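Let's work through some exercises on a protein chain together. Have the sequence and the 3D view open, and try each task before you read its solution.

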Amino acid sequence: METVSENRCHGGVQGVYRHASVQTGTEMTFSVFVPDHAPGAKLPVVWYLSGLTCTHANVTEKGEFRQACAEHGLIFVAPDTSPRGEGVPDDHEYDFGQGAGFYVDAVQEPWSTHFRMRSYIEDELPALIAAHFPVDMMRQGILGHSMGGHGALTIALRNPSRFASVSAFSPIVSPLNCPWGEKALGGYIGADRAAWRQYDACALIEDGARLPDLLVDQGTADGFLDEQLKTALLVEACKAAEQPAQIRMQDGYDHSYYFISTFMPEHIAWHAQRLKPYKPAPGIR
């Protein structure tokens, strides 16, 4: 693992790192914020998955999470959204190819060789983080924005025992039912829509997946709300399945990091509450 940069801020260290990924066959860059902590301590970790066209840098530079993470003692990890580099296939549109990995393992050519973001996020990167940073892997949370919100929801729903907390900003809640999702899943996974269900939060909930709780913030002035994000479908799926969820429509907010940074401290606090160490009741050893 190569250190690209490290800077002290908010009583901790914000780093950017690079490594050669086995899953994607490329170099991958990610950022990690580690707050100050006692020697030998292990801290809970929150994973943040970014949206279309983004890299690790968007939330690292504009997310305004560090003060809250330092206050609550959380490590914050932000990976890239796709493999990149020479020899990696791409598309001329912003919503497919590099910058648009959709957190799936592609099975269609030419994407299947490099576009393995599901395995990268679920398996490879957590092992790397656990080996190099003071994380308590028994206390993990995950959140994301837009395409990354889709990633956070679906990864958590497929791995409910791993994540004690799950939240999202403006998630794509049902790729089965929006143009972004149909293009991405059709291109990466193929024409069999039944195979798409493992990458659709609403479908996973309909098929029986559950989470302890869920927090979603969605801006009412988001230009993607009606055609692409379709928050109402998640509301319906959670209600029908009796899945606990706080889905908040925030009046006047759009899809940008102005919106995300406004509510980021609340999300960090929400995760921190659910990532507290287990404390036995009095008399229980």
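**Exercise 1: The cores**

Task: Find which residues touch the most other members of the largest nonpolar core.

Solution. Step one: the largest nonpolar core holds 65 residues, and those touching the most other members are F30, V32, F102, I129, I142, Y188 and L234. Here a nonpolar core is a set of buried Ala, Val, Leu, Ile, Met, Phe, Trp, Tyr and Cys residues joined through side-chain atoms within 4.5 Å. Buried means under 20% relative accessible area, exposed over 50%, and partly exposed in between, using a 1.4 Å probe and protein chains only.

Step two: apart from that core lies another one, of 20 residues, including F33, F169, I260 and L275.

A word on what you are looking at: the model is predicted, so to speak of local features a pLDDT of at least 70 is needed, side-chain atom pairs count only at pLDDT 80 or more, and totals for chains, interfaces and linings use all residues. Residues are numbered from 1 along each chain as its sequence is written, and side-chain values use heavy atoms, with hydrogens and water left out.

**Exercise 2: The whole chain**

Task: Describe the chain by its helices and strands, its radius of gyration and its buried share.

Solution. Step one: count the elements. The chain has nine helices and nine strands; these are DSSP runs, numbered from the N terminus, with helices being H or I of at least four residues and strands being E of at least two.

Step two: check the radius of gyration. For 285 residues a compact globule would come near 19 Å, and the chain has 18 Å, which agrees. This radius is taken over C-alpha atoms, and the globule rule is 2.2 Å times the number of residues to the power 0.38. Along its principal axes, the C-alpha trace spans about 55 × 45 × 40 Å.

Step three: look at burial. Of the 285 residues, 58% are buried.

**Exercise 3: The sheet**

Task: Work out in which order the strands lie and which of them stand at the edges.

Solution. Step one: trace the order. The nine strands form an open sheet, β1-β2-β3-β5-β4-β6-β7-β8-β9, with mixed pairing; two strands pair if DSSP finds at least two bridges between them.

Step two: find the edges. β1 (2–9) and β9 (246–250) each have a single partner strand, so one side of each is left without a neighbour in the sheet. From one strand to the next, the twist averages 15 degrees. Axes are lines fitted to C-alpha atoms, for helices over the stretch in contact, and angles run from 0 to 180 degrees between N-to-C directions.

Step three: follow the pairs. β1 and β2 (residues 12–20) are antiparallel over seven bridges, and R8 has V13 as its bridge partner in β2. Two residues lie between these strands in their hairpin, where H10 takes a positive phi near 50 degrees.

Next, nine bridges join β2 to β3 in an antiparallel run, with E27 in β3 as the bridge partner of A20. This hairpin has six residues between its strands, and G25 takes a positive phi near 70 degrees.

Finally, β3 (residues 27–35) pairs with β5 (residues 75–79) in the antiparallel sense over four bridges. The bridge partner of F30 in β5 is P79.

Step four: add a helix. Helix α4 (residues 147–158) packs on the sheet, touching β4 (43–49), β6 (135–145) and β7 (163–169), and its direction makes about 140 degrees with that of β6. Contact means heavy atoms within 4.5 Å.

Step five: return to β3, where eight of the nine residues are buried.

**Exercise 4: A loop to inspect**

Task: In the loop between β5 and α3, find where F102, Y103 and P110 lie and describe each.

Solution. Step one: F102 lies in this loop and has a phi near 55 degrees, a positive value in a residue other than glycine. F102 is buried, with a relative accessible area of 0%.

Step two: Y103 is also placed in this loop. Its phi is positive, about 55 degrees, although Y103 is not a glycine. Y103 is buried too, at a relative accessible area of 0%.

Step three: P110 sits in the loop between β5 and α3 (117–132). A cis peptide bond joins E109 and P110, with omega about 0 degrees.
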